[in-house]
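Work through the exercises below with the coordinates open. Each task is followed by a solution in steps.

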Amino acid sequence: MNWRQRLGAFIGGFDAGQHHRRLRGFQATRAHVNALIAASGPDITARARWLVRNNGYAVNAVESWAANTVGDGIKPISKLADAKRKEELQRLWLAWTDEADAEGLTDFYGLQRRAAREVFLAGEVFVRIRPRRVEDSLTVPLQLQMLPSEMLPLHETGVARNGNAIRQGIEFDRIGRRVAYHFLRRHPGDSTDPGLSGEIVRVPASEVIHVIDPVEGGQLRGVSKLAPAIVKLFLLDQYDDAELDRKKVAAMYAMFVTSPAPENPLAPLDDEELPAGLEISPGQIVRLDPGEDVTVGQPADSGATYEPFQYRTLLQISAALGIPYPYLANDMVKGNFSNSRLALIEFRRRVSAWQHSVMVYQLCRPVYTRWLDLAVLSGAMTLPGYEADRPRMLAADWLPTKWDWVDPLKDANAEIAQIEAGLKSRSQAIAERGYDAEQVDREVAAERARERALGLDFRRPGSPAQGVQAVPVNDGSADDDGSDDTADDVTARSRTEEDRP
C-alpha cells in the first residue's frame, strides 16, 4: 500500500476510493482510452462482428438501432428564401441521392443507415469523399465511399516525413488539427483481394469524414457499443446452446429396457444377440422376455429458474446496449402500454441527441456542403451571389423520420389541441413528422383546387381544414327550411342557377 492509499485509509470519506476487503480485488486501470483501444480495439471489434453474425440478440440490437436512428433517412430542407430556387435545389438533391454511393448498392439514405450500423458495431466509420469528372454523367460530380474501421490501422503510430505526428492512423499538424488519414488499400481480413496487401495510402483530411461517438475527452478512435455486453451475450449464447443440447439428447431416449444380467458380463455379444431397436406406434402391444422391464425416459425439465434468469440477463444486456428490452428480445408480452411508452420516450430522447450531435453534425452537413459547392461549380445549380452569401445558402434543416406511436389518434388529437392553443405551429408539427411545411401546403392547396374542379370534398364536417368555408355567410338566421347558408351552399346554389337554361 503506497502513501496515498494509507492517507486515504486514515482520512476515510469515499468508500469507492478505499482498498479494504470488499474492494481489494478491484484494480481499475488508469490508462487513457486511446491506450485501451490500441491494446484491445481490434479484438473488441472482431468479437462484436462475430456476435452480430451469429447471435440473434446482437443482430436485433444493431438493426433496431439503425432503424430508429435513421429509418427512411435524415433529409435536408433548404432554407432558401426564393421558393422557386429552393424547389429546384430539393429536386436536384433528391436526384443525386440515388447516385451518392460509389459502390452503387444504395442511395445516400442507405449510406446513413450503414453508417449508423457501423458506429454501433465498431464505434466508428469512415466516409471518403470522391469528386468525379463532369464527363462521368452524374447529376452532381460527387460520390461517397464507405470504409470500415479496420481500414485505418490502429498500430500506425509514429512521425510522418513532414514532421507531423501520426497517432492510430491519423496525422496531426503542430497545433493538433487532423490533416490526413493513413488508410490501408485493402481490408486486412479480405483474403479474396490478394493484391496491395499491407500497402498504406495517405488521404487528406478534407476528403475524409470520420463518424464517431466518443465516450471520453481526447478519444481518437471509436469503440463498439457492444463492448459492455459482449461477455454476457457470448456466455448467455453458450448457456442456451448447452441447455438446448441437453434437452435434445434427453429427448432422444424414449424408453429403456432392463434385462437380467448375462452369465459372463465381460464376454462380447454376438451380432444376433444384440437387441433390436424398439420402434413404438399408437396402440402397439409389446411382449417382453422373462425378467425384462421397460422404463419410460423422463427428460429433465429446464426448471422454473430458466426464464427468470434469461430475462434478468437480457435486461442487463439491454441496459448495456441502450436498447429497450422489447426491441432487443422482440418480447412484447412483459410490458404494458404505459411502461412501453415510457421506455420509448427515454430511448427516443437518446436517439434524437445522437441523430443531431453525430449523424447530422458529422456526416450530413459536411456532405451537403460539399455537394452544394460542387453543384454550383459544375453548373448543375445556379445560385447568384453564392460565393458572397454561402453560409446563408447552405442553411438547411435536417428532418429525421417521424416517430410512430402505438395510438396515433390520441397523439394527433393532442397535437391539434397544441396547435389550436398556440403552443406550437403547423410548421413545427409538420417538421417533426419529417416533411417540409411549404411543400405540404402546396400539395394541400393543389388537392383543394382539384377537389373544387371535380366537385369533391373529403374533409370531415367541422374539420379545421374547412376554415372559412364552414362559416355562415348570413347573419345566423335560418332559411324557411330551417337550414343555414354557408359559403359552400351559396357557391353550389350559384353554380346551379348558372347552369339553368
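**Exercise 1.** Find the residue of S6 that stands opposite alanine 165, and place the pair in its sheet.

Solution. In this predicted model, alanine 165 stands opposite phenylalanine 172 in S6. The two strands involved are S5, residues 165-167, and S6, residues 170-172; they run antiparallel and are joined by three bridges. Next, the sheet: S5 and S6 belong to an open sheet of five strands, ordered S4-S5-S6-S7-S8 with antiparallel pairing. Its edge strands are S4 (158-159) and S8 (200-204), each of which pairs on one side only.

**Exercise 2.** Glutamine 168 and asparagine 330 are not glycines; give the phi of glutamine 168 and of asparagine 330, then classify each as buried or exposed.

Solution. Start with glutamine 168, located in the loop between S5 and S6. Its phi is positive, about 50°. The relative accessibility of glutamine 168 is 6%, which is under the 20% limit, so this residue counts as buried. Asparagine 330 is in the loop between helix H8 (325-329) and helix H9 (337-377). The phi of asparagine 330 is also positive, about 55°. At 54% relative accessibility, over the 50% limit, asparagine 330 is therefore exposed.

**Exercise 3.** Describe how H2 and H3 meet: the crossing angle of their axes and the residues in contact.

Solution. Two packed helices are described by the angle between their axes and the distance between the axes. The axes of H2 (residues 33-54) and H3 (residues 56-69) come within 6 Å and cross at roughly 100°. That angle lies in the range 65 to 115 degrees, so H2 is roughly perpendicular to H3. On the H2 side the contact involves Leu51, Val52 and Asn54; on the H3 side, Gly56, Ala58, Val59 and Val62. By class, the residues of this contact are five nonpolar, two polar and no charged.

**Exercise 4.** Which residues does phenylalanine 120 touch, leaving out those up to four places away in sequence?

Solution. Phenylalanine 120 sits in helix H5 (residues 108-122). Its relative accessible area is 0%, so phenylalanine 120 is buried. The residues that phenylalanine 120 touches are Ala61, Val62, Trp65, Ser224, Lys225, Leu226, Leu321 and Ile323. For serine 224, 104 residues away along the chain, the C-alpha separation from phenylalanine 120 is 6.0 Å.

**Exercise 5.** Which backbone oxygen does the side chain of threonine 313 reach?

Solution. Threonine 313 is part of helix H7 (residues 306-321). Its relative accessible area is 10%, which makes threonine 313 buried. The side chain of threonine 313 reaches the backbone oxygen of phenylalanine 309 at 2.8 Å.

Methods. Residues are numbered from 1 along each chain as its sequence is written. This is a predicted model: local features need pLDDT of at least 70, side-chain atom pairs count only at pLDDT 80 or more; totals for chains, interfaces and linings use all residues. Side-chain values use heavy atoms; hydrogens and water are left out. Two strands pair if DSSP finds at least two bridges between them. Helices (H or I, at least four residues) and strands (E, at least two) are DSSP runs, numbered from the N terminus. Buried means under 20% relative accessible area, exposed over 50%, partly exposed in between (1.4 Å probe, protein chains only). Contact means heavy atoms within 4.5 Å. Axes are lines fitted to C-alpha atoms, for helices over the stretch in contact, and angles run from 0 to 180 degrees between N-to-C directions. Angles under 35 degrees count as roughly parallel, over 145 as roughly antiparallel, 65 to 115 as roughly perpendicular and the rest as oblique. Ala, Val, Leu, Ile, Met, Phe, Trp, Tyr, Cys and Pro count as nonpolar, Asp, Glu, Lys and Arg as charged, and the others, Gly among them, as polar. A polar contact is a pair of N or O atoms within 3.5 Å; within protein, one must be able to donate a hydrogen and the other to accept it, and residues adjacent in sequence count only if both atoms are side-chain atoms.
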